[in-house]
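Me: Please take a close look at one part of this model, its interior. Tell me how the pieces there connect.

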Amino acid sequence: MALFAVNKPLGRTSHDVVDMARKLLRTRRVGHTGTLDPLATGVLILAVDASTKLVPFLSAEDKEYIAWVSFGVSTETLDAEGRIVAESSRRPTQREIEAALPAFLEMTEQVPPAYSAVKVGGVKAYEAARKGQVLQLEPRPVRYLEASLLAYDPAPRPHRIAPSATGWQLSERGRKVELPRPVGDYPTAVIRLVVGSGTYVRAFARDLGEYLGSKAFLSGLVRTRVGRIGLEQAQDIESLDTQKALDELEALSCPSVELSHAEARRVLEGVPLPIPAKGLVALVGPRRRLVAIAEGDGFKLRIRRVFKE
């Protein structure tokens with residue numbers, strides 16, 4: 001199996017990156033574990049061949065972002081790509097933004113952006129939005145785990161960032177983040193977020209603006225972590241090194257259980273094991289080979305996915 005972390009470049013879709021990997025690796029069996037919008041950069045995990053079976057599990061991992069949220073206008077796409085559709089003269093202060101962020105840690109639902117892949121009656125929201133149609137998008141479950149203000153600038157500024165013991169932070173010696181072309185000189189908050197799967201950061205920008213009595217949009221975004229895999233481990237897709245594949249056991253955040261030869265053989269036959277674990281568990285056979293992903297109820301494990309050689 002093969003997993004690769006790449007740093008998605010600005011302006012390319014996640015599908016573009018997958019297509020590039022297919023050509024470089026000479027296989028059609030390439031998928032990714034979570035879409036990044038064209039105007040976002042950062043960690044995109046590619047799963048190749050048999051590793052595509054891991055996509056549902058890696059897609060469910062928590063994700064860390066650094067987001068640039070600009071105040072004063074909103075756009076139709078909620079990012080720097082769309083046209084301006086509303087304006088506000090209200091400009092929140094740094095103290096007001098800092099005071100607002102803890103409220104998001106209590107939120108459990110979010111209305112997706114109109115320009116998203118969410119389906120209503122079999123129709124993708126972004127397809128309807130492009131035709132000028134309005135779909136009624138229902139709130140969806142989300143999790144905000146961490147939210148902190150890193151900077152508040154008079155206009156979008158491409159800060160440098162680096163990993164730290166408390167997640168990715170601004171650092172003069174770090175790597176420079178490439179931002180989209182600015183919509184305008186709007187005051188911009190740089191915010192570190194850790195969120196659960198399915199959380200739209202564009203919608204967060206919209207909601208933060210509304211919470212503060214203003215309008216806001218996402219003027220820049222970098223994904224700095226997916227589960228255990230950080231941006232420091234990501235390669236450039238143009239120079240992808242196949243010798244730098246990720247260890248699938250290190251990529252998975254769930255605990256692992258080592259199996260004997262006999263237990264591994266039973267798992268490959270789909271037989272549940274009486275192991276008292278709860279939640280997802282990686283079952284590891286001899287030579288640290290990932291045999292299966294299972295889910296425990298506290299008494300026994302139910303096999304979710306088997307990985308045969």
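Reply: β16 supplies the largest share of the lining of the largest cavity, with 4 residues. The model is predicted. The full lining consists of Asp37, Leu39, Ala40, Asp79, Ala80, Pro180, Leu218, Ser219, Gly220 and Leu221. The space inside is about 70 Å³. In total, the structure holds 2 cavities of 30 Å³ or more.

Next, the nonpolar packing. The largest nonpolar core has 32 residues. Within it, Leu3, Leu54, Leu252, Leu290 and Ile293 touch the most other members. Eight elements each give two or more residues to this core: the strands β1 (2-8), β3 (40-48), β4 (63-71), β16 (216-226), β19 (278-284) and β20 (290-297), and the helices α2 (55-59) and α6 (248-251). Leu3 shows the contacts in detail. Leaving aside residues up to four places away in sequence, Leu3 touches Ile45, Leu46, Ala47, Ser51, Leu54, Leu58, Ala245, Leu246, Glu248 and Ala251. Another core, of 26 residues, lies apart from the largest one. Its members include Phe71, Ile191, Ala216 and Leu221. Leu221 is also one of the residues lining the largest cavity.

Phe71 deserves a closer look. Phe71 sits in strand β4. Its relative accessible area is 0%, below the 20% cut-off, so Phe71 counts as buried. In soluble globular proteins, nonpolar side chains tend to be buried together. Leu290 is one of the best-connected members of the largest core. Phe71 and Leu290 are 219 residues apart along the chain, and 47 Å separates their C-alpha atoms.

Leu290 leads to β20, which spans residues 290-297. Here β20 belongs to an open sheet of 4 strands, in the order β18-β19-β20-β21. The pairing is mixed. β18 (256-258) and β21 (301-306) are the edge strands, each paired on one side only. From one strand to the next, the twist averages 35°. β19 and β20 run antiparallel and are joined by 7 bridges. One bridge pairs Val281 with Ala294 of β20. Helix α7 (residues 261-268) lies across β18, β19, β20 and β21. Its direction makes an angle of about 80° with β20.

To recap: β16 gives the cavity the largest share of its lining, and β16 also gives two or more residues to the largest core. β19 and β20 contribute to that core as well.

Key. Residues are numbered from 1 along each chain as its sequence is written. Side-chain values use heavy atoms; hydrogens and water are left out. A nonpolar core is a set of buried Ala, Val, Leu, Ile, Met, Phe, Trp, Tyr and Cys residues joined through side-chain atoms within 4.5 Å. Buried means under 20% relative accessible area, exposed over 50%, partly exposed in between (1.4 Å probe, protein chains only). Contact means heavy atoms within 4.5 Å. Two strands pair if DSSP finds at least two bridges between them. Axes are lines fitted to C-alpha atoms, for helices over the stretch in contact, and angles run from 0 to 180 degrees between N-to-C directions. On a 1 Å grid over the protein atoms alone, a cavity is a set of points where a 1.4 Å probe fits but cannot get out, and a pocket is an open set with protein on both sides within 12 Å along at least five of seven lines; lining residues have an atom within 4 Å of a point. Grid points are joined across faces, edges and corners, and a volume is the space filled by probe spheres set on the points.
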